[in-house]
Amino acid sequence: MSANGAATTTIYLDHGATSWPKPPGVAEAMTRAVTELGGNPGRGAYRMAVDTSRAIHRARTDVAAFLGVPDARDLTFQPGCTQAMNLVLRGLMRPGDRVVACSMEHNAVARPLNALAAAGVEVVVVEADEAGVIDVDAVEDAMRSQTTKAVVCQHAGNVTGAIQPVADLADVAHAHGALALVDGAQAGGHLPVDIKTLGVDAWACSGHKGLLGPQGIGLLYLSPACQPDELVTGGSGSGASEEPLQPAVRPDRYEAGTPNTPGILGLHAAVTWLRDNGEALRAHEAALVRRFHEGVLSLPGFRVLGPDLGVPRVPIIALTHERVATDRLAFALDRRYGIATRAGLHCAPWAHRTLGTLQTGALRFGLGYGNTEADVDAALEALAELGEELA
Amino acid sequence: MSLPAPREFAVFAFATTHDALDAEALLGDLGFEVVPVPAPPDLSANCGIALRVPPEDGDRAATYLDRAGIEVVRRATILDV
């Protein structure tokens, strides 16, 4: 405890926002990128630049294999999931097009869709159920009457942790001639992902959440059928520099400018760790989230959002209290107990509107790498105390 | 240090750095003496990295690249050290 009474330790339960700490190898890989691999990848044939190019090539190849991407050239490194979803949505949709979206979408999807709607794209939002799960039949009903260019849906909810039926949504989308676009920000690392099996046309992911990489790096898979216009053009290291337009070949088409080598190599190290340890981590996360969910259900006054106990979810639990504002809970958890959580709307007003918590927000606990049963028990004990004290 | 005398090499150019490095990995695994080089001016419509192999290996390397589905955009012969 510090002199002003604030807790000085941190029990980190905000993995839904960004994971911390990172697994072994991530910091070392990033350090190597700035101390040894200083050359600009793809921009020179001197040995240091080629070594950097090789490191990125290996990262792309390994991350593609980890995600079940059939052709690594279809996997691009992006600054983040938000930029990736902007690329997909803004690069594909044109005035007069129609897109069907899920009501649980994060602002990384909702805000581009709002902007596209203002520009003349028809955006149809299908309501999820009270657990935050989208109904495939409802999505299909929304596509029956009119030609739809794309269906966009999260893979897992950043408020509820609900896992969406994205493979079934892809089947339905394709049956109606539409593309299936998925925001995988909360799924990568927390769920086994095989792009080929999912059958989606676009899958974007943050590098810094469940994939355990650093901030500032993300991924975008695009199927050969999915050809959004690139939003950024510039140096590519390939094609003739005198050509006036961005080369059409992948991955270069969607990676204009010098890549984020430290971020890519850090993400590569994280994914390598997940490849070897991900199954055990996922089992650990499932046990922790169940323990926490059960514990919260035993506390008076609290309500857990999202799927019922026992229904698979990514390791996120958001809750409300019938009398205590969640922002006060979050502050007290941090100041008194050193427990890091996130209150508010979680950049997902659509989701909170669906769940009936748009006015109150919720308190989100994101569990993940590095968390223990003791962390969960400490959080439950703190909630029990605060629920009595602040009510 | 004295450089070796210039001699001929077969050079392959690719559409992207990714393709060039796929090709380098493939040919290296097959035992080719493959070296990334700056793309010569007459191949400059392509990736900044080209691959060179000894001239006597050029045809065989091209065959392996074709079988692996790695597209060679251009091929040339250069004098190099």
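Q: Which residues line the second largest cavity?
A: Rolling a probe the size of a water molecule over the atoms shows where empty space is left. In this predicted model, the second largest cavity (points on a 1 Å grid over the protein atoms alone where a 1.4 Å probe fits but cannot get out) is lined (an atom within 4 Å of a point) by Val151(A), Cys153(A), Val166(A), Leu169(A), Ala170(A), Ala180(A), Leu181(A) and Val182(A). Two or more of these residues come from each of β5 (150–154), α6 (166–175) and β6 (179–183) of chain A; helices (H or I, at least four residues) and strands (E, at least two) are DSSP runs numbered from the N terminus.

Q: How do the residues of that lining divide into nonpolar, polar and charged?
A: Eight are nonpolar, none polar and none charged. Nonpolar means Ala, Val, Leu, Ile, Met, Phe, Trp, Tyr, Cys and Pro; charged means Asp, Glu, Lys and Arg; the others, Gly among them, are polar.

Q: How many cavities of 30 Å³ or more does the structure hold?
A: There are two. The second largest has about 30 Å³ of space, and the largest about 230 Å³, volume being the space filled by probe spheres set on the points, which are joined across faces, edges and corners.

Q: Which residues lie nearest the centre of the largest cavity?
A: Of its 16 lining residues, Ile56(A), Arg60(A), Asp252(A), Glu255(A) and Thr17(B) do. Both α2 (47–67) of chain A and α1 (17–29) of chain B give two or more residues to this lining, with the largest share, four residues, from α2(A). The lining holds five nonpolar, seven polar and four charged residues.

Q: What conventions apply?
A: Residues are numbered from 1 along each chain as its sequence is written, with chains lettered from A and ligands numbered from 1 in the order written. Local features need pLDDT of at least 70 and side-chain atom pairs pLDDT 80 or more, while totals for chains, interfaces and linings use all residues, and side-chain values use heavy atoms, without hydrogens and water.

Key. 1 Å grid on protein atoms, 1.4 Å probe; cavity = no way out; pocket = protein on both sides within 12 Å on 5 of 7 lines; lining within 4 Å.
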